[in-house]
Each structure stands twice: as structure tokens, then as C-alpha cells.
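Walk through the model below, going from the whole chain to its sheets, its cavities and a few backbone details.

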Amino acid sequence: MKKRRRALLFAVAITVLAAVFILFFVLSGQISRNLEESSFDYLYGSTEIIRRQIDTSVREDEQRIVRFADKLVSADKESMADEMSSFCDYNDFIHMYIVDKEGIGIDERGEPFVTSMLPVEEHALTDREKWVSEGYYNDSGYETAMFEVPILHEHRLAGAVYAEVEMQKYYMDELFAFQAGNGRAYLFNRSDGSWVIKGPVSHLISLQDDSVYHSLLEGGNSEQVTESFRQTVEEGKTKIFLAEGENGPVYACIMPCKYNDFWEMMTVISSEKLAEQNQVANTLLWMLRIIYLVGSVLILAALFFYVKEKEKKHITEMKERMERRVRAKERRLSEITVREYSFQIIVNLDTMECRQEIYREEAGNIHEFECGSYQDGFREFCRKVDGCDRERVEAYLAPENLTAVSDAEMLPSFDYRLTESGCTNWYECITFFSVIGEKRYAYIMNKDVTQKVRTQRKLEEANQAKGRFLANMSHDMRTPMNAIIGTAQLAERSLDQPEKLRQYMANITGAAKHLLSLINDVLDMSKIESGKMVLVEDDFSLTEALERIDEIIRPLCNTKKQRFEVENKGIVHPLVRGDMLRFNQVLINLLNNANKFTPEGGTIYFLVEEVPMTDALSRKEKDRTLFHLEVRDTGIGIEKENLEKVFGEFEREIDSTVNRIEGSGLGLAIAKSIVDAMGGEIRVESTPGKGTVFFLDVPFRIVQEAKDGIQREAGVNADGSVNMENALAGKRFLLVEDNLINIEIGKEMLFALGADVETARDGQEACRIFEEAGRGHYNAILMDIQMPVMNGYEAARKIRRMEQCGGDEIPIVAMTANVFAEDVEAAKEAGMNGYIGKPVLIEKLYETLKEM
């Protein structure tokens, strides 16, 4: 068995070494190829450096000519020749000519000259641009180029300057003979390959011919290679060619010049000299391969001796390894369990010795304590356990019981209470057993579940509160529903008795309004809980808002013969900016509660006072003010233990199932949420049997000047005695509604007000009818929101775009069951002028339409 294992080990080692050797050969081959590519990069770099130097030198000469031409504008004819001669001598130019815009002038010797005498094409006068010609041979047989520069005077063409230079001027031996003279650089014309700068004779390539293409062919290169070379030059690409030179293969790199694109730069170096750069690296790679082979043999030898030595120590290490595994397993098991639980007790069931481990979460580590005898520790532990749970703890964890059930893997979990330092916490306990080596252990793990138990109890209390709320709401909603259904049945039997019928209809209306208020409370609370309640701020008159609240509450107090006192103190800024509807909702709720819970003959006191802002941040905001409000009553009061939860959901001091006081139990929770959203504060004080007082502090932004809308509103007479019959006679309205019953109700209400009505079943039909009717046909449009085909928002936007039919002027009023603040805001954004929430009251309909 050992020999087979040893053979297998050597086979694996040889396989690995062979695989690594093959991989090393592949990688070294790749390195060789990379070195060859780096040689090409060197040739590219050398070519780029020489090309840049040529471009720079030509650019500098051209700039000298430009500056010289600017000076000649103001010179006289007599001095021009001398100036040009000096310039040519100083800058190594052969000839220089200056002409006027007609092309007539002189040369540097003062001899007459015309542009037709130029050996190259004229561009400076024709194109008004600087230009450098291709290379050409002058009369002396030297490679030459011509600079052409226009002369501008006050941005107008005044003439031109031409300067002829021998290209040998730009030849520098240290630049054109690179890599210690092993490489050579040349410049030729791209159009025909004629030489521009050849330099001295070189053994690399023949320079006897007049062009580079003839030189390639003369050197023994095929027409295919020469044609590929020519095509690369014409395309303006940079490329390296392997070609035949005079003394063997050469690499030729061609690169177009950037400053004068007539020229092409070429560098040539023998392939042998280029390869010499990588010879050292290739030799080093072969040496590494040999070293690797020798090293592999040594590794195999060392491996053989290592295996022999390993076998000698194998028996001794097996025992030590087993002991380490036992300890490691015990430790891992301990860490896994104690991090999940608050503390655990580990009991050796053979010796009944134990230790305790506590996980400190803030320190991130485990503290271990030796506890000694488990029996002594268990007695001390039981003294801290709550008396109601002690029997259950003993049944599971007593030493004799723990030993008896140790064959099981795990005991069922149970809860118990533990009191330490006067504080009682709930713990969940689970026990499991493990055998490590020859030792048996019990792990008693205890997890602090106090927060979980408290949360569960709060959820149970909340569920109980919701259950009570649903029971109350079932009673409160069924009561008005019973009144509506029962009174409707009575009304059917009294159709011939107008007075009775009118009383029945009034009862149905009152019950329906009460049912609507319950539904609104539930919906408001739902919006608050989901975080979707928004405040819609606008300018309003606080005085006017308080008057409307007085008009609502005072009749209720008169009915119960209660005394209702209102006091306004120090109101300096009656015009403010805020959400008037939500503000009214809070006050009406508080005053309504005071009315409901105050017996007949009692007193309700309502105080409104403007006070200065107290906190430092608010004092800096000059446009804010604070209103302090109090609602006091002499009602039944609130018990002290209920004061803390009076603003909770589903809470009510007296259950409506046992008395006649009805309500959702959500009013104060809604009021507190609204006040918090306004940045205000609400609190309560109460004495059972004597009464309750609610304190309210709400900040508002000050409005310096009343808007027209506020001023008109302040003058509205709130007297409900207005006769609405035929009040809208002569007016025609378009009612857009998809529900047939709502259409019938809307039509009858408008007919009762004396108006004519036409109907549409959806937004698309409404747009068509309005467009066909034309401008002025309707006085206003009553628009439902949720409809098939096209909803009310889309229809309103489309009508507003019908300017030819008066769509930009026609009043549009939303008449919908979407009654939240964000729905009102959405209607305004869609271009609607007013908003009537369902169920629709004829009074509200008249108030909205009478001005339209």
C-alpha cells in the first residue's frame, strides 16, 4: 500500500513538472515573439523621432519666412533685395523672391522676377495660404523645396514671398544614421518616390536610382513587394516591410510626414542588426530552460528523501492530529452556537463538570468561564429563575434528567424568565448533545428574547385594539346604514305626505353625512399610516376660517344647550399661508369631541391667540408666526392611565356599544398627525369628572397682502337662506360621468337649479362633444376623474389645448370621489378650476357654479 502511494506521488510530481516545463516553453516562445515585436516598436520609435525633427525644422523655417514677410510690408524696394540676401545667407536659403499681388517682383539680387518663373506651382497668391512644395532637383542637380508665404496687409493680400532651400540642410548624420550607424533614414516624395534627402551612400539600400521604387526593384525585391510598398505610401499608412537590401534582408519602416504631406519618411536597418537587440534575452531564456530541467531533477530527488522521512513520522503525527481535530471541532461548535445565543453552558456528561461561555457583541469575542460542578451551578441558576418557570427548567436541565436523555440529539426548546440585578428578561433555551472523541457533551444554549416577547405583546395589544375598533366601527357604520335603509322604506310608504317625506329625506341626508365622516376618518388614517398624506398650502384668511368653524360648532352646542365661548387675542396677521382644510379638520375634530363628551348645560371655551415665535431658528424667519389655540370643556374628562394613549389609533374613552356617543376612534390620531406635519405641537390635560383641555401650537407663514381670491372670499355671505331654485337658469353645462345613477343625480340637481344639461360617458366623448359644440355653447364642464377610454385629467388637458373652441377659457370643475389633498392638487395641475367631492351636495354644487 505504501509503495503504491509512493509511486503515485512520484508519477504526480513528474506529471506536474512536465506540465510546468511545457507551459514554460510555450511562455518563453511567446516572450521571444514579444521581444521581436519590441524590436519593431524600436524601429517605429526611431522613425517617429526623425520624422518629428524634420517636421519641426521645416515648420521653424516657414515661421522665419512668415515673420520676415511681415517686415517686408513696410520696407522700400531699394532695401528689399539687401534684406532678402542677408536673410538667405543667415538661414541657408538658396534663393528668395518677393512679388506684388499681380505676381511681379524681384529676387534677392534685385533682378526682376515673375511667378511664371517658379519651378513649382504657385499657391500663395492663388490660394492665399502658406505652402511647401514637393522635393525637386534644381539647376545644380540638388534636392530642393520651395516655401511660399502670402503677404497680408490689413487682412488684404499685398503679395507673396518665395524661398528656395536645399533639402540637404535638414540632414543630420547623428539623426539619419541611428543605432550607431547601423540604421539609415531617407526622405522621398510620396507622389513618385523620388528622393528628397538621401544622405551618404549606404550598404543597406541602393541609392543610384532616381526613386525608392526603382531602388527596391534594383535590390532584388519582387514587383509584388514593390507594389505593396507603393500602395501603403499612397494610403498614408505606417508599416514595416521585410525587403532585400544590397547585403541581405533589411527591415524598412515608412511613415508619412505630418507637416508636409507630400513627403514620406523611411528608415532602414538590417534584420541581423535588429535581431541583435534580443539576442541576450533569447540566450537568457535558453539558460532558464536548462536551469529548470536541472532543478526538476533535484526536486524529484528531494521529494524522494522527503517521503521516506515523512513515513517515519507518520504514526506519531496521526495521534497528535486526532487530538487537534477533537479540540478544533469542540471550539468550532462552541463558536457557532454561542454567537447565535446570549450564553451557553457546556457540560461534560462523564465528569459533570461545566463551563460557561458568554458572547459580548460589542467586543465581538467570547468570554469563557470555568464553572466547576454542574450540580452546584444548576442550583445557583435555579434560584434566579422565575418561580412559574422553575419546574419546567428542572424537568429539562436537572443533572439527573440531563444524563438520562443524553442519547437524544436535541431536546425541545422552551422559554423561561431570569431575574438578575433586579431586571427580568425572557430567554429561549435549547439543548443538544454531541460526542467528540470518547467524550459526551451537552450544550445548553440560552438566547435573550426579551425584545421579541415585548414586540409580540405590543402586536397582540394592537390587534386587540383593532378588533375593538372593528367592533365599534361595525356598530357605528350599521347605525346610520340602518337609519338610511329604514327611513328610505318609510319614505316609500309616505309619498303622498310631503311633510313626512321631507323629514325622512332630511334624516337620510344626516345619516349619510355621518357615515361619510366615518369613512373619511378611516381613509385619512390609512393615508397617514402609509406616509402618503400631503399638505396643500395656500393663502387663506384665518379669521374667515374661524368664522366657518363657529358656524358649524355653534348649532351643535345650541342643540345640547351648551355655552360656547370664542375668544380671539392679539391676532395681528389674519392672512396666512397653510393648509386651511387640514387646519379646519383638526379644530372641528377637537370641538366636536368637546361637544359630544360635554353634557347638556356644560361649557366649551375656544381660545385663539397669536404669540411670538420662541425658538432661535424661527426668530430669524421674519415671515413666520405662531398661533396658540385652546379647546376647554366641562365634560367627563379622561382617566390618567388613558392620557398617554389618547392620540393612539382606535382609542376612545367610552365605547359606543354601551352609550350613544359615536365615532371612529381615529380623530385624535389624525389630528396629531396633521399637526406634526404642519410643524406644530398638540398636548392634552384632563381631570375625570371636571373636563379636558387641548393645547395646540401651529406655525404659519405670514401673507403681507391679501390676494384677490382671499378678498372676494372674505365678502361671501354664509347665510344658508339663499333660494337656489332656478338660480342657474339660462346656463348650460356638460356633465361627464360614466355611472348612470350619478348621471341621473347630477342632471336632476342641475335641473333643480334651472340649468340645461348635456352628458358624456367618458373623457374622449366629452372632448368630441365640446369641439363640435363650439365656443360659448357651455358655461362650464363638470368632469368625473376615473372613467374608461380617457380619464378626467387627460380630457381636461386635451380641452385646454382646444383654443379655437374656447377650451382655454371654459371653466372645468372636477366632480369625483377622489377627495384627498393630492387629488385636488392633481386636478389643478390638469387645468381644472374647481373641485367638488362625492357625494355631491346641491348647496356645494350651487356655490361652485354660481360664479361660472
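**A guided reading of the model**

The lining of the second largest cavity is made up of 8 nonpolar residues, 1 polar residue and 1 charged residue. That cavity will come up again once the sheet around it has been described.

The model is predicted. Its secondary structure amounts to 23 helices and 30 strands. Of the 852 residues in the protein, 42% are buried. Among contacts with a separation of 6 or more, 61% are between residues 24 or more positions apart.

Begin with the antiparallel sheet. Five strands form it, in the order β9-β8-β12-β11-β10, and the sheet is open. Its edges are β9 (195–197) and β10 (239–245), each of which pairs on one side only. From one strand to the next, the twist averages 35°. Within this sheet, strand β11, residues 248–256, runs antiparallel to strand β12, residues 263–270, and 7 bridges join the two. One position in this pairing can be followed directly: I254 has M266 in β12 as its bridge partner. A helix also packs here: α6, residues 223–235, lies across β8 (183–189), β10, β11 and β12. The angle of α6 to β10 is about 150°.

The second largest cavity can now be placed. It holds about 40 Å³ of space, and its lining consists of L204, I205, L216, A243, E244, G245, V250, A252, M266 and V268. Three strands of the sheet just described, β10, β11 and β12, give two or more residues each to this lining. The largest share, 3 residues, comes from β10. M266 therefore appears twice in this account: M266 is the bridge partner of I254, and M266 is also one of the lining residues.The structure holds 4 cavities of 30 Å³ or more. In the largest of them lies about 60 Å³ of space. Which residues line the largest cavity? They are I345, Y374, F378, F381, L397, I444 and N446. Helix α8 (374–384) and strand β18 (439–448) each supply at least two residues of this lining, and α8 provides the largest share, with 3 residues. By residue class, the lining of the largest cavity holds 6 nonpolar residues, 1 polar residue and no charged residue. The lining of the second largest cavity, by contrast, includes 1 charged residue.

Next comes the parallel sheet. This open sheet has 5 strands, with parallel pairing, in the order β27-β26-β28-β29-β30. The edge strands are β27 (756–760) and β30 (834–837), and each pairs on one side only. The twist here averages 20° from one strand to the next. Inside the sheet, strand β28 (residues 780–783) pairs with strand β29 (residues 812–816) in the parallel sense, over 3 bridges. At one point in this pairing, M783 stands opposite A814 in β29.

Two helices lie across this parallel sheet. Helix α20, residues 763–773, lies across β26 (732–736), β27 and β28, and it runs at about 130° to β27. Helix α23, residues 842–849, lies across β26, β28, β29 and β30. Relative to β30, helix α23 runs at about 175°.

A cis peptide bond is found between β30 and α23. The bond goes from K838 to P839, with omega near 0°, and P839 belongs to the loop between those two elements.

Two other residues have backbone angles to note. Phi of V789 is near 70°, a positive value in a residue other than glycine. V789 lies in the loop between β28 and α21 (792–800). Is V789 buried or exposed? Its relative accessible area is 61%, so V789 is exposed.

The other residue is R128, whose phi is near 55°, also a positive value in a residue other than glycine. R128 is found in the loop between α3 (124–127) and β4 (131–132). Because its relative accessibility is 54%, R128 counts as exposed.

How values were computed:
Residues are numbered from 1 along each chain as its sequence is written. This is a predicted model: local features need pLDDT of at least 70, side-chain atom pairs count only at pLDDT 80 or more; totals for chains, interfaces and linings use all residues. Side-chain values use heavy atoms; hydrogens and water are left out. Two strands pair if DSSP finds at least two bridges between them. Helices (H or I, at least four residues) and strands (E, at least two) are DSSP runs, numbered from the N terminus. Axes are lines fitted to C-alpha atoms, for helices over the stretch in contact, and angles run from 0 to 180 degrees between N-to-C directions. Contact means heavy atoms within 4.5 Å. On a 1 Å grid over the protein atoms alone, a cavity is a set of points where a 1.4 Å probe fits but cannot get out, and a pocket is an open set with protein on both sides within 12 Å along at least five of seven lines; lining residues have an atom within 4 Å of a point. Grid points are joined across faces, edges and corners, and a volume is the space filled by probe spheres set on the points. Ala, Val, Leu, Ile, Met, Phe, Trp, Tyr, Cys and Pro count as nonpolar, Asp, Glu, Lys and Arg as charged, and the others, Gly among them, as polar. Buried means under 20% relative accessible area, exposed over 50%, partly exposed in between (1.4 Å probe, protein chains only).
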